[in-house]
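Student: I would like to learn how to read a few features of a protein model. Can we go through them one by one?

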Amino acid sequence: MNVNDTCPACLKRDVPPRRDLEDYDGNPHSSYRCQACGHTWFTIRRGEPEPDGYATYDDPDAWEADDDFRDYDHY
């Protein structure tokens, strides 16, 4: 499956991939080279999207919410 991309340097649209490879899980790895400016970049497209919603590992302060503060309530 070829997916055209937009150049992040000059914003030219519909840049075709130079090659498509798959990793062990079948996720495509594509390299692109813009015909307009010559910029080269790589993408990895995951087979399964990230889950929607809040994940505690995204928030560096989330561990504080898991702390038990009942020991400090008597002050």
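Student: Which residues make up the largest nonpolar core?

Tutor: Keep in mind that this is a predicted model. A nonpolar core is a set of buried residues of certain kinds, joined through their side-chain atoms. Here the largest one has 5 residues: Cys7, Val15, Tyr32, Cys34 and Trp41.

Student: Leaving aside its neighbours within four places in sequence, what is Val15 in contact with?

Tutor: Val15 touches Cys7, Tyr32, Cys34 and Trp41, among others. Its list of contacts also includes Asn4, Asp5, Arg33 and Gln35.

Student: How many disulfides does the structure hold?

Tutor: There are 0 disulfides. Cys10, for one, is in no disulfide, and the nearest cysteine sulfur, that of Cys34, is 3.6 Å away.

Student: Why is there no bond between the sulfur of Cys34 and the one in Cys10?

Tutor: A disulfide needs the two sulfur atoms within 2.5 Å. The sulfur of Cys34 is 3.6 Å from the one in Cys10, so the distance is too far for a bond.

Student: Is Cys34 buried or exposed?

Tutor: Cys34 is buried, because its relative accessible area is 1% and the cut-off for buried is under 20%. Cys10 has a relative accessible area of 37% and is therefore partly exposed.

Student: Where is Ser30 found?

Tutor: Ser30 belongs to strand β2, which covers residues 28-33. Ser30 counts as buried because its relative accessibility is 4%. Beyond its neighbours within four places in sequence, the contacts of Ser30 are Pro17, Arg19, Asp20, Trp41, Phe42, Thr43 and Arg45.

Technical notes: Residues numbered from 1 in each chain as written. Predicted model: local features only at pLDDT ≥ 70, side-chain atom pairs only at ≥ 80, totals over all residues. Heavy atoms only, no water. Core = buried A, V, L, I, M, F, W, Y, C linked by side-chain atoms within 4.5 Å. Buried < 20%, exposed > 50% of the residue type's maximum accessible area, 1.4 Å probe, protein only. Contact = heavy atoms within 4.5 Å. Helix = DSSP H or I, 4+ residues; strand = E, 2+ residues; numbered from the N terminus.
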